[in-house]
Amino acid sequence: MKTLTKQQWIGVGLLLLLVVAVEVFVQVVLPQLATVNPEDSEENALLSTADSLLQKDGRSAFRRDTIWICLQPFDPNTADSATLVHLGLQPWQARNMLRYRAKGGRYRRAEDMRRLYGMTDSLYATLLPYIAIDSSSWRDMLVAMDTVSRYHQGHIKRDTIIELNSADTASLQYIRGVGPATARAIIAYREALGGYADTSQLREIPRYNASVSWDIPFDSILPHLSVCMDSIHAIEVNRASVRQLTRHPYLRFEDARAIYTLRRNRFSLHDIEELHAIPTLSDSLLVRLTPYLSFQD
């Protein structure tokens with residue numbers, strides 16, 4: 001057998017290395033290239049760490065692979081997600097900021113940016129000179145708050161009529177002397193009743209909620225209130241359980257059970273006059289209950 005020369009052995013070795021390299025390329029590299037998602041590549045580029053600090057157009061800028069991060073003045077209350085990412089924030093940090101703003105959150109001072117989750121001391125120090133918060137909106141809000149405050153203190157007189165069954169706590173506070181606690185008590189009692197049938201029912205709130213007391217004469221509130229009885233949610237007597245009846249402020253457990261028993265004995269009730277058969281229900285109470293009971297089958 002002829003012995004291979006040294007040069008021939010080298011040639012064989014190089015050939016084997018070439019075969020192995022081709023096999024690795026076909027079996028490993030090509031499948032990975034085929035599964036690359038362009039969006040994933042862009043996301044990975046955004047999430048890569050900064051690799052150099054450059055100077056461009058007289059402004060400080062650094063590069064994350066192929067994504068330029070340019071530091072420029074921005075308002076954290078108005079900047080969009082793209083601007084925030086190009087300032088150096090992670091995409092998920094930008095999304096958190098937008099969600100915070102969508103829920104009514106605002107950055108009043110540059111220092112508020114430090115509270116952003118994931119904000120590092122070095123990134124905050126880099127961004128601090130470029131944070132420019134527009135304070136005009138805050139001045140407008142402070143002026144509005146001062147206007148409401150002076151109104152409640154009686155410095156501004158305003159004639160207004162508030163409909164009790166549709167008002168919220170904010171609108172109720174337009175009435176001179178009605179503060180947040182009283183407004184909340186008015187709404188809570190309205191929900192318990194199912195709606196107001198008469199403005200005089202406000203006198204019942206201290207008995208319903210012992211923590212509330214009127215600090216002003218009721219007569220000064222009455223001219224600014226009205227009720228729309230179409231908004232009352234009546235209890236369906238022929239379907240209601242004892243528990244549902246008891247939830248109404250005008251009915252005790254014994255009264256609710258008596259109404260339920262009378263309904264079962266008669267199969268159904270047709271009008272409030274039938275409730276006169278219950279001794280514990282006085283005529284005056286039945287008059288007050290009339291708007292809150294429905295006898296439809």
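Colleague: Which residue forms a salt bridge with Arg252?
Modeller: Bear in mind that this is a predicted model. Arg252 is partly exposed at 47% relative accessibility, while its partner is buried at 2%. The closest N and O atoms of the pair are 3.2 Å apart, and the residue on the other side is Asp255.

Colleague: How many salt bridges turn up in a search of the whole structure?
Modeller: Arg252 with Asp255 is a salt bridge, and so is Asp121 with Arg114, at 3.6 Å from N to O. In that second pair, Asp121 is exposed at 59% and Arg114 is partly exposed at 45%. For the whole structure, the search comes to seven.

Colleague: Is Asp112 buried or exposed?
Modeller: Its salt-bridge partner Arg115 sits at 58% relative accessible area, and the cut-off for exposed is over 50%, so Arg115 counts as exposed. The closest N and O atoms of the two are 3.0 Å apart. Asp112 has a relative accessible area of 5%, where the limit is under 20%, so the word for Asp112 is buried.

Colleague: Which residue is linked with Asp112 and Arg115 in a network of salt bridges?
Modeller: Side chains of opposite charge can pair when their charged atoms come close. Here Arg115 pairs with Asp112, and the network takes in a further arginine. That residue is Arg109.

Colleague: How far apart are the end C-alpha atoms of helix α8?
Modeller: Helix α8 covers residues 180-193, which makes 14 residues. At 1.5 Å a residue, the span should be 20 Å. The model agrees with that, because the end C-alpha atoms are separated by 20 Å.

Colleague: Which residue follows α8, and what is its phi?
Modeller: The buried residues of α8 include Ile186, Ile187, Tyr189 and Arg190, and Leu193 is also one of them. After the helix comes Gly194. The phi of Gly194 is positive, near 100°.

Colleague: What is the phi of Phe267?
Modeller: Most residues other than glycine have a negative phi. Phe267 has a positive one. Phe267 lies in the loop between α11 and α12 and counts as exposed at 75% relative accessibility. Its phi is near 70°.

Colleague: Which side chain does the side chain of Ser171 make a polar contact with?
Modeller: Ser171 is in helix α7, residues 169-172. At 18% relative accessibility it falls under the 20% limit, so Ser171 counts as buried. The polar contact is at 2.8 Å, and the other side chain belongs to Asp168.

Colleague: How far is Gly179 from Thr169 in space, C-alpha to C-alpha?
Modeller: Gly179 is in the loop between α7 and α8, and is partly exposed at 22%. Gly179 and Thr169 are 10 residues apart in sequence. In space, the distance is 8.9 Å.

Colleague: Which residues does Gln93 touch, leaving out those up to four places away in sequence?
Modeller: Gln93 is found in helix α4, residues 91-102. Its relative accessible area is 1%, under the 20% limit, so Gln93 is buried. The residues it touches are Leu116, Tyr117, Gly118 and Met119.

Colleague: Which element of the chain has the lowest mean pLDDT?
Modeller: The chain averages 76, and 71% of the residues score at least 70. Helix α10, residues 242-246, has the highest mean among the elements, at 93. At the other end, with a mean of 41, is strand β1, residues 52-56.

Colleague: How many contacts beyond four places in sequence does the model have for residues 35-67?
Modeller: pLDDT stays under 50 over that stretch. Where pLDDT is low, the predicted coordinates should not be read in detail. With that caution, the number of contacts for residues 35-67 is 49.

Colleague: What share of the contacts between residues at least 6 apart in sequence join residues at least 24 apart?
Modeller: The secondary structure of the chain comes to 12 helices and seven strands. Of its 297 residues, 34% count as buried. For the contacts you ask about, the share is 48%.

Terms used: Residues are numbered from 1 along each chain as its sequence is written. This is a predicted model: local features need pLDDT of at least 70, side-chain atom pairs count only at pLDDT 80 or more; totals for chains, interfaces and linings use all residues. Side-chain values use heavy atoms; hydrogens and water are left out. A salt bridge is a side-chain nitrogen of Lys or Arg within 4 Å of a carboxyl oxygen of Asp or Glu. Buried means under 20% relative accessible area, exposed over 50%, partly exposed in between (1.4 Å probe, protein chains only). Helices (H or I, at least four residues) and strands (E, at least two) are DSSP runs, numbered from the N terminus. The expected span of a helix is 1.5 Å times one less than its number of residues. A polar contact is a pair of N or O atoms within 3.5 Å; within protein, one must be able to donate a hydrogen and the other to accept it, and residues adjacent in sequence count only if both atoms are side-chain atoms. Contact means heavy atoms within 4.5 Å. pLDDT is the predictor's confidence in each residue, from 0 to 100.
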